[in-house]
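I opened the model to go through its fold and one loop in it, and I kept these notes as I went along.

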Amino acid sequence: MYDVVLLVERRLSPLDAAQVTGLHDGVEDTVAYHVVLPVADAAAQLHTSMGSVLGPELEAPSATVAGDDLAELQNDQRTAAEAALEASLQLLRSARHAADGEVTGQDPIRALASAVERVGAAEAIVLTEPHVVKELFHLDWTSRARRHLHVPTLHLLEHETFEEQAGGAGEGASLI
């Protein structure tokens, strides 16, 4: 079995799934994908959003949402993440590959490292949208994963063909 762990920010598109599985067309062993999809912390996300709306001169209130409402928001985010994970797994399975996954609330790199160790992965793939500033300062998931993992780690950009990523013609960071 050739195990690959995917760390994704959101649901795979058909293009994403085709490109990921296409990377392993020449592998003679059975390829199994293990998808890790982090779910955002609703409280932190809400606080960041409020701070962005209010601007630097105003402080975001620390208790902007009641506990029950916050729990409901967190539950909604988890439900959406689980649906995105299931749709991603279906795309990988439709390409005739074994696929399983998990939604996690822990740090994405810790969840990735844990999955790599648990399944004995041969490689890890981080699939994200471009994060130019984080990439510049090597704070993005891929840079962090490369410092912690002992397997090859590939960074792919969501919703871009390999040609767009290589040529800088798509949405990716071509200035760096």
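**Entry 1: a histidine in a loop**

I started with His-97 and listed its contacts in this predicted model; leaving aside neighbours within four places in sequence, I found His-97 in contact with Thr-21, Val-31, Tyr-33 and Leu-92. I then placed His-97 in the chain, where it lies in the loop between H3 and S3. Is His-97 buried or exposed? Its relative accessibility is 18%, so I entered His-97 as buried, the cut-off for that class being under 20%.

**Entry 2: the arginine in that loop**

I looked up Arg-96 next, which lies in the loop between helix H3, residues 67-94, and strand S3, residues 98-104. Arg-96 has a relative accessible area of 80% and is therefore exposed, since exposed means over 50%. I also noted its backbone, because the phi of Arg-96 is near 65°, which is a positive value in a residue other than glycine.

**Entry 3: the sheet**

How are the strands ordered in the sheet? I traced five strands in an open sheet with the order S3-S2-S1-S4-S5, and the pairing is parallel. S3 and strand S5 (153-157) stand at the edges with a single partner strand each, so one side of each has no neighbour in the sheet. From one strand to the next, I recorded an average twist of 20°.

I then examined one pair within the sheet: strand S1 (residues 2-8) and strand S4 (residues 123-128) pair in the parallel sense over five bridges, and Val-5 stands opposite Ala-124 in S4. Helix H4, residues 108-119, packs on the sheet and touches S1, strand S2 (31-38), S3 and S4. I noted that the direction of H4 makes about 170° with that of S1.

**Entry 4: the chain as a whole**

Finally I went over the whole protein chain, which has seven helices and five strands. Read from the N terminus on, its elements run β-α-β-α-α-β-α-β-α-α-β-α. Of the 176 residues in the protein chain, 38% are buried. I also looked at how far along the sequence the contacts reach: among those between residues at least 6 apart, 77% join residues at least 24 apart. For the accessible surface of the protein chain I wrote down about 9900 Å², of which 54% belongs to carbon and sulfur atoms.

Key: Residues are numbered from 1 along each chain as its sequence is written. This is a predicted model: local features need pLDDT of at least 70, side-chain atom pairs count only at pLDDT 80 or more; totals for chains, interfaces and linings use all residues. Side-chain values use heavy atoms; hydrogens and water are left out. Helices (H or I, at least four residues) and strands (E, at least two) are DSSP runs, numbered from the N terminus. Buried means under 20% relative accessible area, exposed over 50%, partly exposed in between (1.4 Å probe, protein chains only). Contact means heavy atoms within 4.5 Å. Accessible areas come from the Shrake-Rupley method with a 1.4 Å probe; for residues, only the protein chains shown count as cover. Two strands pair if DSSP finds at least two bridges between them. Axes are lines fitted to C-alpha atoms, for helices over the stretch in contact, and angles run from 0 to 180 degrees between N-to-C directions.
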